[in-house]
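This report walks through one model, contact by contact. Keep the sequence and the coordinates open while reading.

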Amino acid sequence: MRNLNQDNITDAVRQSFAGTPDARLKEIMDALVRHLHAFARDVKLTEIEWSQGIAFLTGVGHITNDVRQEFILFSDVLGLSMLTVAMNNDKPKGCTEATVFGPFHTDNAPHYALGGDVANGAKGIPCKVTGTVKNLDGTGIAGAHIEVWQSDDEGLYDVQRGDLTHAQGRGILNADTNGAFHFQSILAAPYPIPHDGPVGAMLSATGRHPWRPAHLHFMIKAPGFETLITHIFRDGDPYLDSDAVFGVRETLIKDWTPQADGSYCLDCDFVLADKRT
């Protein structure tokens, strides 16, 4: 690899990966090099600009910790997260559509009996959530594992509040023998993604806002079925058409119905796809 220049360096780098034992890794690295070099040529990337890019990525790494994943935010605001979701969740017609996972799921959410209050003190207007988990034939999936999480009415998830000693706005439940579930929570509210770091600076520099429309996260699992990761969005939200992370899908927008006592109700049904063999 002598006498490298802007015309032959791409082929030289691609050749360096030619002996990669894993065929899929080889395919990915080859495409990465080709497209990355093509991008640099297309925009005539300067050394100063690439140094700024490296500084940006370094900042993304520095701010990332066990409760904040800035790289997920970066992927989200570029639409890459939603693109991979759409490409990899092409489910049969009638199944509930998937959307982005987001950076605020945790693995240690508390378990609740059906009817429990997963808000657990989170600030917001009370909301009762009911629904079912079914297969494509319309049969309820008994005991389906349901994880839910959401922000409070100030737009913050519990993991963003350093003073909290317990989980709020998140929980794990199991559907009954007919696949039905119900629990208490709070009305979903729109909120900005964390924008005090590198990703926020990028949004500001490009004239974009950081807001997400009001939504409730769901992750639903059951033996023999594909895991569903999705949101239910609140109809009428002003950010439905400009979600900062491009996660809105029309079929996931539902009515959150006001009640006479000032509370709300949400009814949402989910259809899982059979696990692919």
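## A salt bridge in helix H2

In what kind of contact do the side chains of Glu27 and Arg24 meet? They meet in a salt bridge, at 3.0 Å from N to O. The model is predicted. Both residues lie in helix H2. They are 3 residues apart, about one turn of the helix.

How accessible are the two partners? Glu27 is partly exposed, with a relative accessible area of 49%. Arg24 is exposed, at 52%. The cut-off for exposed is over 50%, so Arg24 counts as exposed and Glu27 as partly exposed.

## Salt bridges elsewhere

A search of the whole structure gives 13 salt bridges. One of them joins Arg14 to Asp30, with the closest N and O atoms 2.7 Å apart. This pair links distant parts of the chain. Arg14 belongs to helix H1 (residues 9-16), Asp30 to helix H2 (residues 23-43), and 16 residues separate them. Arg14 is partly exposed, with a relative accessible area of 31%. Asp30 is buried, at 18%. Burial requires under 20%, so Asp30 qualifies and Arg14 does not. Both residues also belong to a network of salt bridges that links Asp11, Arg14, Asp30 and Arg34.

Arg68 and Glu70 supply another salt bridge, at 2.9 Å from N to O. Is Arg68 buried or exposed? Arg68 counts as buried, at 15% relative accessibility. Glu70 is buried too, at 0%. Side chains of opposite charge can pair when their charged atoms come close.

## Aromatic pairs

The structure holds 9 aromatic pairs. One is formed by Phe181 and Phe183. Their ring centres are 6.3 Å apart and their planes stand at 20°, so the pair is stacked. The cut-off for stacking is under 30 degrees. Both rings belong to buried residues: Phe181 has a relative accessible area of 3%, and Phe183 has 1% relative accessibility.

Trp211 and Tyr239 make a stacked aromatic pair as well. Here the centres are 5.3 Å apart, with 5° between the planes. The pair links distant parts of the chain, 28 residues apart. Trp211 sits in strand E6 (residues 211-212), whereas Tyr239 sits in the loop between strand E8 (228-234) and E9. Trp211 is partly exposed, with a relative accessible area of 28%.

## A ring cluster and a charge over a ring

Which residues do ring pairs link into a cluster? They are Phe181, Phe183, Phe218 and Phe270. The buried residues Phe181 and Phe183 are thus among the cluster members.

A charged group also meets a ring. The charged end of Arg234 sits over the ring of Tyr264, 5.6 Å from its centre.

## The open sheet

How many strands form the open sheet? There are 5, in the order E3-E2-E7-E8-E9. The pairing is mixed. Strand E3 (170-174) and strand E9 (253-254) stand at the edges. Each has a single partner strand, so one side of each is left without a neighbour in the sheet.

At the E3 edge, the partner is strand E2 (residues 145-149), joined to E3 by 5 bridges. The two strands run antiparallel. One bridge pairs His145 with Asn174 in E3.

Terms used
Residues are numbered from 1 along each chain as its sequence is written. This is a predicted model: local features need pLDDT of at least 70, side-chain atom pairs count only at pLDDT 80 or more; totals for chains, interfaces and linings use all residues. Side-chain values use heavy atoms; hydrogens and water are left out. Two strands pair if DSSP finds at least two bridges between them. Helices (H or I, at least four residues) and strands (E, at least two) are DSSP runs, numbered from the N terminus. Rings of Phe, Tyr and Trp (its six-membered ring) pair if their centres lie within 6.5 Å; planes under 30 degrees apart count as stacked, over 60 as edge-to-face and the rest as tilted. Buried means under 20% relative accessible area, exposed over 50%, partly exposed in between (1.4 Å probe, protein chains only). A charge sits over a ring if NZ of Lys or CZ of Arg is within 6 Å of the ring centre and within 35 degrees of the ring normal. A salt bridge is a side-chain nitrogen of Lys or Arg within 4 Å of a carboxyl oxygen of Asp or Glu.
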